[in-house]
Structure formats: C-alpha cells, structure tokens
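Good morning, colleagues. Please take a moment with the sequence and the structure on the screen before we begin.

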Amino acid sequence: LLIPLPYTPLLPHSHTHALPHSHTPTLPPMKITRLKVNHLTAPIGNNLDDLSLSWTVEGAKAPRQKSARVEIALDRAFRKTVFDSGARADIDSLAFNPGIALEPRIRYFWRVSVVTSKNEKASAVSTFETGKRGEAWAARWITAPFGDGSAPFLVRKTFTVDKPADVRVYCAALGIFQIEVNGQPATDEVLLPGYHSYTKQIQIQTFDIAPLLRPGENTLAFHVGWGWYRSSMGWGGSGPFGPTIGIACEVRAKSRGQDALLAVSDASWLCAPSPVLRSEIYYGEDYDARREIAGWSTNGCVAGDWAAAREFAPEAGAAGPLADRFSPPIRIQETLTPEVIKTPAGETVLDFKQELTGWVEIVNRAPAGATWRFQVGEILQKGNFYRDNLRSAEAQYTFTSDGRVGPVRPHFTFYGFRYVKLEGFPETVDPADFKALVIHSDLERTGSIETSNPLVNRLFANALWGQKGNFLDVPTDCPQRDERLGWTGDAQVFAGTACFNMDCAAFYAK
C-alpha cells in the first residue's frame with residue numbers, strides 16, 4: 001500500500017466534484033507550504049537561469065484552485081515589485097516560470113496567494129538570492145606559498161566592517177574547503193564545493209556571514225584540502241583534475257544601496273600548514289593534531305607559522321570558468337551508534353548495523369604523540385574483518401594525538417562502510433566514544449511505502465539506503481571502493497524510484 005503524501009495538490013479548474021458535506025472531514029485552515037525555487041528552499045547564490053517557483057497547498061476544503069498570484073519584489077514589504085502575475089487560473093503550483101531577468105547578487109522576495117473554488121484564501125512569502133551571474137571577479141586564485149601548491153593549508157584574512165548587515169562571501173575552490181568566521185563555522189554544509197567536472201566549470205558558493213560578524217575587525221578563514229580535485233579519480237593513470245589546490249574569494253557588503261568590497265583573495269592573505277598530512281578520496285586521511293593552531297580563524301592569532309599566500313593561475317586544462325552553483329547542500333543527515341565486537345582473529349571491530357556513506361567520529365583519549373588508526377569495510381568473512389572488495393582504496397584514517405580529549409573526524413574524504421576495524425586502541429573500548437555520521441545531499445523525503453510483509457519493507461529500506469549512500473552531490477555506483485564515479489547510466493535506471501523517494505530535481509539538474 002502506498003502511503004500518500006501529507007497534502008493534496010490543488011489542480012487548475014476542472015470538473016472535480018466535492019464529497020457531500022456530511023462526509024467532508026474537519027481540516028485545519030488552508031495554508032501554503034514548501035515554497036521552493038528551482039526545487040531548493042530559499043537558495044542563496046544558485047544558478048537560477050531557468051527560474052521556476054513551486055509550492056504546496058495544505059488543508060483546503062475545496063477540490064480545486066480558482067486562481068493563484070505570484071509577486072516578486074526587492075523588499076519584504078513588496079513596495080518595490082519587479083513582477084506581478086495577477087490572479088490567474090492557469091498558474092500551476094508544480095512549476096511557475098515568471099520569465100524575468102535577474103540581477104547579480106540580489107535578494108528577491110516572492111509571495112504566492114491562492115484562492116480556491118470555495119473562496120478559501122492563503123498566502124506565503126519566501127526568498128531567493130542570486131549569485132555572481134557571470135560578473136567579473138576581483139579575486140585572485142591563491143594557494144600556500146610552501147611546497148608545490150599541493151599540500152593542504154590554512155588561510156585567513158582579517159577585514160573591517162562598520163555595520164555587519166548583508167555581508168556575503170562568494171568563494172570557489174580547486175579542492176575541498178571548510179570555512180570559518182571569527183572562530184565559528186560559516187555553514188553546516190560539508191565537503192564543499194562538492195564534486196563536479198572541474199574542467200567544465202568551477203562552482204561558486206555563496207554564504208551569508210552577517211550573523212557571525214561584529215563591528216570592527218573580523219577574520220575569515222578557510223581550511224583547504226585535496227578532495228576530488230587533486231585525488232586520482234580516473235582509471236588508467238589519468239591522474240587528478242589539476243596539480244594545484246587553492247581558493248578564490250570575495251567578501252561583499254551592501255548598505256543603503258551601496259556595494260562595498262570588503263576583502264578579496266590575494267597575496268595579502270596569510271597561509272599556514274594544515275594538520276592534515278595527506279587526504280584523498282580513495283586513500284582516506286592522515287591527521288596530526290600536534291600541528292593544530294589554536295584560534296587560527298580568529299582575530300589576532302599569533303600562533304603558527306603564517307606566510308603570505310601565493311597568487312596563481314590554474315594550469316591549462318585544469319580548471320573551467322567560474323559559475324554559480326547547481327548543487328543542493330551536502331550535510332550530515334543522521335548519526336548511528338555501534339556495537340563493539342571481537343572477531344575470531346582477535347580484531348576490535350565496530351558494527352554500525354547499516355551500510356552507510358559518511359564518516360566515523362571518535363572521541364580521542366590517546367596521550368600526546370600516540371597514533372591510532374581505523375580501516376573500514378562492508379562485510380565480515382568467517383566472522384573476521386574483510387576489505388579485499390575495496391580493491392586499491394585504502395579507506396583509512398590515521399590520527400596522531402596532541403593529548404587533548406575530544407571528538408575527531410576526517411575532513412576532506414568520505415567512506416562507504418558498515419564495519420570499522422580499530423588499531424592502536426586499548427583492548428577494551430567504550431562504544432559511546434564512536435558514532436557514524438551519515439552524509440548525503442540534502443534532498444527532501446517525499447515518498448514512502450509500507451506493506452504487510454516485513455521482508456518487502458526491508459527490501460525497500462535497502463533501496464532507500466542505497467540512494468542515501470550514492471547520492472552524494474553526484475549519482476555514484478558505489479561509495480566504498482576505488483570507483484566512486486558519476487555513472488549516469490546507472491543513475492538513469494534508478495531515477496524514477498529516486499524521484500518517488502526524494503525531491504531529486506535539483507540534484508539531477510546539477
């Protein structure tokens with residue numbers, strides 16, 4: 001039995017007949033929910049060339065829509081209107097295309113008002129914000145000045161702002177980055193900027209950092225690693241997309257209609273070596289906590305060996321043009337706790353009871369200078385840890401402790417696993433010190449199915465977990481071995497099922 005969605009879309013005028021009044025259920029007042037722009041909720045900086053608005057009407061007693069009206073304005077009060085459809089019977093809530101020309105780096109407010117055939121009325125407001133839309137960049141590509149430009153690095157810039165309102169960061173990376181402002185994460189997204197064909201385009205990310213700012217000096221900082229860009233993703237010795245990792249960034253503010261450029265990436269930014277010694281998609285990550293710099297993303301940081309960033313131009317064929325992002329966010333979606341088991345071979349293994357894609361987070365209790373490691377796998381053989389099916393993917397994490405007790409996890413890679421073998425840990429470990437962080441693209445769950453047969457239900461649950469594990473920014477055929485590639489043929493076979501399970505339109509558009 002298919003479980004229906006918790007709403008019934010209103011159709012444009014049709015010959016639908018209402019039930020007799022005595023059979024009409026008591027419903028809450030009509031409301032408009034799930035306002036989306038190109039299948040994203042209040043997007044900031046996404047590619048909106050083909051602007052499409054959608055929404056859901058809930059709680060209507062009428063069987064059909066009489067009219068709908070869409071307004072788009074530059075202000076929340078809708079005094080500066082740039083589009084007004086007027087009340088029309090033909091507006092479809094599944095996709096309405098206003099067909100207006102959008103300006104770069106502008107926040108738009110949009111309002112939809114619906115009237116039903118029984119004259120019920122409701123309206124709702126949401127926003128969307130454009131990105132650079134092809135305008136020229138003032139920023140330069142920068143990388144670390146030490147080595148050949150391939151080592152992971154920290155980079156920061158201190159800038160001044162009078163009134164921290166409407167301040168945006170526009171940034172792109174050749175590699176993976178984490179972004180912080182005044183010591184705080186600027187977003188809950190992970191593995192930014194995602195996996196894309198870097199030779200075709202480099203996705204620009206946009207962040208609203210105003211809530212993290214204060215009047216006066218502020219520090220913006222990035223932690224940059226290899227990610228998909230520098231890892232050897234192809235076969236036959238094709239190597240990485242490019243040899244040099246780096247970022248390009250602009251910090252812009254708007255006040256009273258004035259556009260101010262607060263900071264741009266250039267040689268005035270400061271770089272320091274990363275605690276990440278090595279990190280690749282298939283290899284995993286090596287991390288030395290003794291190299292961490294306290295307060296590295298805060299004002300006045302004096303610790304660490306900082307040096308001026310090096311400006312560079314990406315090598316020919318290693319980077320395409322900059323373009324506003326298509327990707328839905330990648331986020332930590334769930335956490336799982338393990339059972340600790342001892343194998344016949346004497347191994348200490350964590351069983352998370354579910355195949356998943358993501359990270360393992362571990363509470364470090366090792367003394368300073370001590371090193372521990374984990375490896376991941378999908379199955380046991382004869383009760384023992386097994387990983388031969390991962391082929392050349394080492395899929396491991398090595399951590400050298402600085403003596404501080406606290407949670408640690410990988411930064412610039414991910415794993416597909418159920419089992420985790422621990423090395424360098426005490427004989428007895430506490431399962432509360434471990435958790436799996438499930439990571440995938442943040443797609444709204446839209447459908448589910450349940451039957452009277454628990455085995456059939458398990459089959460559907462397995463398929464859903466397969467979707468979670470393989471929908472990490474691009475559709476992959478496996479997230480665990482040395483073949484985490486975007487096989488679009490496989491993804492096409494599964495597309496129908498995927499779109500019943502989740503709202504995948506933005507994911508597939510990317």
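Which atom does a side-chain oxygen of Asn453 reach at the start of H2? This is a predicted model, and in it that oxygen comes to within 2.8 Å of the backbone nitrogen of Leu455.

Let us continue along this helix. H2 has 17 residues, which at 1.5 Å a residue should span 24 Å, and its end C-alpha atoms are indeed 24 Å apart, in agreement with that expectation. Its buried residues are Leu464, Trp465, Gln467, Lys468, Gly469 and Asn470. What do the buried residues of H2 pack against? Their partners are H3 and five strands, namely E23 (330–336), E25 (348–364), E32 (434–441), E34 (471–472) and E35 (474–475).

I turn now to the helix pair. The axes of H2 (residues 454–470) and H3 (residues 488–501) come within 11 Å and cross at roughly 95°. Angles of 65 to 115 degrees count as roughly perpendicular, and the two helices are therefore roughly perpendicular to each other. On the H2 side, the contact is made by Ala463, Leu464 and Gln467, and on the H3 side by Phe494, Thr497, Ala498 and Asn501. By class, this contact has 4 nonpolar and 3 polar residues, with no charged ones.

Finally, Asp477, which lies in the loop between E35 and H3. Is Asp477 buried or partly exposed? Its relative accessibility is 24%, so Asp477 counts as partly exposed. Leaving aside residues up to four places away in sequence, Asp477 touches Asn470, Glu483, Leu485, Trp487 and Asp490. One of these, Asn470, is also among the buried residues of H2.

Conventions. Residues are numbered from 1 along each chain as its sequence is written. This is a predicted model: local features need pLDDT of at least 70, side-chain atom pairs count only at pLDDT 80 or more; totals for chains, interfaces and linings use all residues. Side-chain values use heavy atoms; hydrogens and water are left out. Axes are lines fitted to C-alpha atoms, for helices over the stretch in contact, and angles run from 0 to 180 degrees between N-to-C directions. Helices (H or I, at least four residues) and strands (E, at least two) are DSSP runs, numbered from the N terminus. Angles under 35 degrees count as roughly parallel, over 145 as roughly antiparallel, 65 to 115 as roughly perpendicular and the rest as oblique. Contact means heavy atoms within 4.5 Å. Ala, Val, Leu, Ile, Met, Phe, Trp, Tyr, Cys and Pro count as nonpolar, Asp, Glu, Lys and Arg as charged, and the others, Gly among them, as polar. The expected span of a helix is 1.5 Å times one less than its number of residues. Buried means under 20% relative accessible area, exposed over 50%, partly exposed in between (1.4 Å probe, protein chains only). A polar contact is a pair of N or O atoms within 3.5 Å; within protein, one must be able to donate a hydrogen and the other to accept it, and residues adjacent in sequence count only if both atoms are side-chain atoms.
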